[in-house]
Amino acid sequence: MIALIQRVLSARVDVENTTVGAIGPGLLALVAVQPGDDEPRTKRMLERLLGYRVFADEQGRMNRSLADTGGELLLVSQFTLAADTRSGMRPSFTSAATPEEGRRWFERLVELARAAHPRVEIGRFGAHMEVHLVNDGPVTFWLETP
């Protein structure tokens, strides 16, 4: 599983000119499921999303996590993160999970996140989405679960 996380002041996802998920300060996580992702990898990704220290402490150092700050989390499925771009001029998606597998593990990540964190919003799986954000920093990290 891959997540591209961005520390944001605000973010929202629109589908067909309607906002389907929106947050204030917190993390926007674009998430790709890969073949072989499973329950342990999904749980580990959630641990990293909630525990990765990207928020400033009293000294201004990135020492606080989403769980520490009580920030909000916006999860957006994005299979294109799993693209193989090593050669050619067109991405290959053989390293991305099938839509069925992707939906299964993305929805499981959402379920686990909502059980563990008070404010979780989502995009719409498989839809054409417009993602709007105000990146804070900018701060952006690529997370993977082995």
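Reader: How much space lies in the largest pocket, and what makes a set of points a pocket?
Author: The space is about 390 Å³. A pocket is an open set of points on a 1 Å grid over the protein atoms alone, where a 1.4 Å probe fits, with protein on both sides within 12 Å along at least five of seven lines. The model is predicted: local features need pLDDT of at least 70 and side-chain atom pairs 80 or more, while totals for chains, interfaces and linings use all residues. Numbering starts from 1 along each chain as its sequence is written, and side-chain values use heavy atoms, without hydrogens and water.

Reader: Which residues of the lining lie nearest the centre of the largest pocket?
Author: Ser77, Gln78, Phe79, Thr80 and Gly126, out of 21 lining residues, each of the 21 having an atom within 4 Å of a point. Strand E3 (26-32), strand E6 (72-77) and helix H3 (99-116) each supply at least two residues of this lining.

Reader: Is His117 buried or exposed, and how do you know?
Author: Its relative accessibility is 6%, and buried means under 20% (1.4 Å probe, protein chains only), so His117 is buried.

Reader: What lies 2.6 Å from a polar atom of the His117 side chain?
Author: The backbone oxygen of Gly71. Beyond four places in sequence, His117 is also in contact (heavy atoms within 4.5 Å) with residues including Leu50, Leu66 and Ala67.

Reader: Why is Glu16 called exposed or buried?
Author: Exposed means over 50%, and Glu16 has 72% relative accessibility, so Glu16 counts as exposed. Asn17, at 75%, is exposed too. Both lie in the loop between E1 and E2.

Note on methods:
Points joined across faces, edges and corners; volume = space filled by probe spheres on them. Helix = DSSP H or I, 4+ residues; strand = E, 2+ residues; numbered from the N terminus. Polar contact = N/O pair within 3.5 Å; in protein donor to acceptor, adjacent residues only side chain to side chain.
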